[in-house]
Every structure is written in structure tokens, then in C-alpha cells.
Amino acid sequence: MRSIHVLLLLLAGVASVPGPARAQIADGPTLAAVKAKGFVDCGAGLGTPGFGYTDSKGIYRGLDADSCRAIAAAVFGDPAKVRFTPLNSAQRLPALQTGQVDVLIQTLTWSHSREAAAGLEFAAVNYYDGQGFLVRRSAGLTKAAELDGASICTTAGSTSELNVADWARHAGVTYRAVVFERNDESRGAYEKGRCDAYSTDASQLAALRSTFPTPDDHIILPDIISKEPLGIAVRKGDDQWLDIVKWTSYALIEAEEQGITQANVDGFLTSQVPVVRRMLGVTGDHGKLMGLDNRWAYWAIKAVGNYGEVFERNLGEGSPLKLARGRNALWSKGGLMYAPPIR
């Protein structure tokens, strides 16, 4: 009878059976390679404010940059053990496929072809976005359909290029594509007047607009022409590394839901809340299940804070972009950010 009672408690997540600690699993190919070289190599964008950019001190900043640092902290207990490899849109997928980088977090849209045919596995979404259009206020445009006959700047090899073409066909709009190899070249061309509009993810349009000398001279049209779940990608075939990257991302979301921050995480080590104790490695062997220290999530949160803190610092009201959380709010606050349980 006692064994049945304990089993029921276990299923409810409120009890544990005494016994030897679970042995740590062996390192898979990616984790072994990462430990051997002593850092996580992250594919990095070439300059997207709020997501991935180099500041005046030469430090790589942004939502994507902090996501990479969280992974490094989960693996090594040290967010500094990361290297950012700059890649343009055409280079980034081959760099991950060939093992040049360990993880790709570069405003990369999670799509079927990338996962089914390009050898990528998406671990999580770190920003829910959609593609829009940036135009000059002086053009007097109010909706995307009025771009008929316009020149539109996009980046080669990106989903943005394909989305504009799909949208134009469906909407019966003719346009002249002005395509560049790099995002910064596309943005620069728009700023110099080489095209009438620039189309990419709406968050990036807001980022670009914030850098202009007179941002109010430009507007983002209200039309959103696609779904752009910006994801964190790894190579297919290494489930252990996929788990590490996936659950590190989820741990930051769960931390926000539990009220755990970069500043107060140490105080939560004495929490009696079961989910908090498991996540921070006070109880259970969730780190060992992935080949990591049991405090993997503690180190990630200690390094960059919870998801809300990362968002606010890089994209929110405390940043130059001043983006609302919107669909990137927690599920409990009307958004899409939801973490499966760590149990």
C-alpha cells in the first residue's frame, strides 16, 4: 500500500523516492566538442539593434547575444565562455550545418524547409515576429497595397525575400526587388534612398528606425504579411545538445513566471516550491539528465536574468527600441511565451 501511495505522490510531483543519485550521462558529440574547446560558438548577426550588434566597447549585445550567453552559462557556469562568429544570411545555415558554429541565434525564422531539408532542428522561439514594411513618411503611404510599382529592399537568402514575393503575387502588386547579400547593406540602401521601402521583420524595422537621425521621418506600415517565429537552431542528430539549448531557453521563461530574477536567484535556492527547487538544482538530477551540472538553470538565470529581463533590457521600454511585449508576453499575461514543466 505504501508503494502505491508513493507512486501517486511522485505522479503528482510532490515526493521523491530515496536512493542513489542518477549517474550523469555521457557527453554527446556537440557537448564534448564545446567542452574541449572551452566555449560555445554562436552564429551572430552583422548588426541588428536589439538582437545582435556590437556596442561602442566592442561587446556583442542583444536578445540573441544574451540567449547565447545563457547557454554558455548553463554548460560552463560562465557566460563569458562564448564566441560570436559573424555571419550573413547566406553564410549562417552552412556554418551550422558544417559545425563551424554550435548554435544559431540570429533572428532566424523557424520554417518547415529549414527543419525538414536543411539539417536544422529548432529548439525554441525567443521572439514571435511578423514581416512588415518601412517607408518614408513623405511618401504618404498608409497600407502595403499602395506599394504597387515601388522598389523594395530585401536581403538575399532570407525569408524576407520570399515573403515579399509571395505577398506581391497574392495581393496583385508589382514591385522591383532590390536585393543585397547582407542585412546592413539592405538597410543602408533604404536609408540612402535606393529603394522606396525596406521589408523585413517588424522588430528589425523598429530597430533600424531607432537609429535614424530623424526617426519620425519614417513609418512602419500596419500590414504584417507573415508569421516569423524567430528561433534558436542546432544541427539535427544530437538530441542531448538540442535538450540543453531548448531547456535553457525554457528555464528563462519559467524563471520569469516564478518571479526569479538575476538579482534574487540566490534567495530562491532556499525556496520550498517544488518546481523552483527542481529548476535551480536544489533537488532532482535535471542537469545530469543532459550531461550538465544540476544548477545549469541557476547559472543561466544568474548570467542574464529571466526572459522578461532580457526582453526589457534589449527590446522593451528600457531600450532604444521601446517595443511592447505583445505576443512575447508570458502566456499567463496574454502572450505566447510558455515553458513546459521542468519535472
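Where does Asn294 lie? Asn294 sits in the loop between H10 and helix H11 (296-304). The model shown in these views is predicted.

**View 1. Asn294 in the loop between H10 and H11.**
Asn294 counts as buried because its relative accessibility is 15%, under the 20% cut-off. Its side chain reaches two backbone nitrogens. One is that of Gly287, at 3.1 Å. The other is that of Lys288, also at 3.1 Å. Leaving aside residues up to four places away in sequence, Asn294 touches Met279, Leu280, Gly281 and Gly284. Asp285, His286, Gly287 and Lys288 are touched as well.

**View 2. Arg278 in helix H10.**
Helix H10 spans residues 274-279 and holds Arg278. Is Arg278 buried or exposed? Arg278 has 17% relative accessibility, so it counts as buried. Arg295 is 17 residues away from Arg278 along the chain. The C-alpha atoms of Arg278 and Arg295 are separated by 9.1 Å.

**View 3. The open sheet of five strands.**
The strand order is S4-S1-S5-S12-S6, and the pairing is mixed. Which strands stand at the edges? They are S4 (82-86) and S6 (120-129). Each has a single partner strand, so one side of each is left without a neighbour in the sheet. From one strand to the next, the twist averages 25°.

**View 4. Strands S1 and S5, with helix H3 across the sheet.**
S1 covers residues 40-44 and S5 covers residues 103-109. The two strands run parallel and are joined by two bridges. Gly43 stands opposite Leu104 in S5. Helix H3 takes in residues 63-76. H3 lies across S1, S4, S5 and S6. Relative to S5, H3 runs at about 155°.

**View 5. The disulfide of Cys153 and Cys195.**
How many disulfides does a search of the whole structure find? The search finds one. The sulfur atoms of Cys153 and Cys195 are 2.1 Å apart. The torsion about their S-S bond is about -110°, so the disulfide is left-handed. Cys153 lies in strand S8 (residues 151-155). Cys195 lies in the loop between helix H7 (183-191) and strand S10 (197-201). The pair therefore ties together parts that are 42 residues apart in sequence. Both Cys153 and Cys195 are buried.

**View 6. Two further cysteines, Cys42 and Cys68.**
Cys42 counts as buried because its relative accessibility is 0%. Cys68 has 1% relative accessibility, so Cys68 counts as buried too.

**View 7. Helix H4 and its buried side.**
H4 covers residues 89-97. Which residues of H4 are buried? They are Ser89, Arg92, Leu93, Ala95 and Leu96. These residues cover an arc of only 160° around the axis, which puts them on the same side of H4. The buried residues of H4 pack against S5, helix H5 (112-116) and S6. They also pack against S8, H7 and strand S12 (228-235).

**View 8. The two ends of H4.**
What caps the N-terminal end of H4? Asn88 does, with a side-chain oxygen 3.0 Å from the backbone nitrogen of Ala90. Gly99 comes just after H4. There, Gly99 takes a positive phi of about 85°.

Definitions and conventions. Residues numbered from 1 in each chain as written. Predicted model: local features only at pLDDT ≥ 70, side-chain atom pairs only at ≥ 80, totals over all residues. Heavy atoms only, no water. Pairing = 2+ DSSP bridges. Helix = DSSP H or I, 4+ residues; strand = E, 2+ residues; numbered from the N terminus. Axes fitted to C-alpha atoms, helices over the stretch in contact; angles between N-to-C directions. Contact = heavy atoms within 4.5 Å. Disulfide = S-S within 2.5 Å. Buried < 20%, exposed > 50% of the residue type's maximum accessible area, 1.4 Å probe, protein only. Arc of directions from axis to C-beta. Polar contact = N/O pair within 3.5 Å; in protein donor to acceptor, adjacent residues only side chain to side chain.
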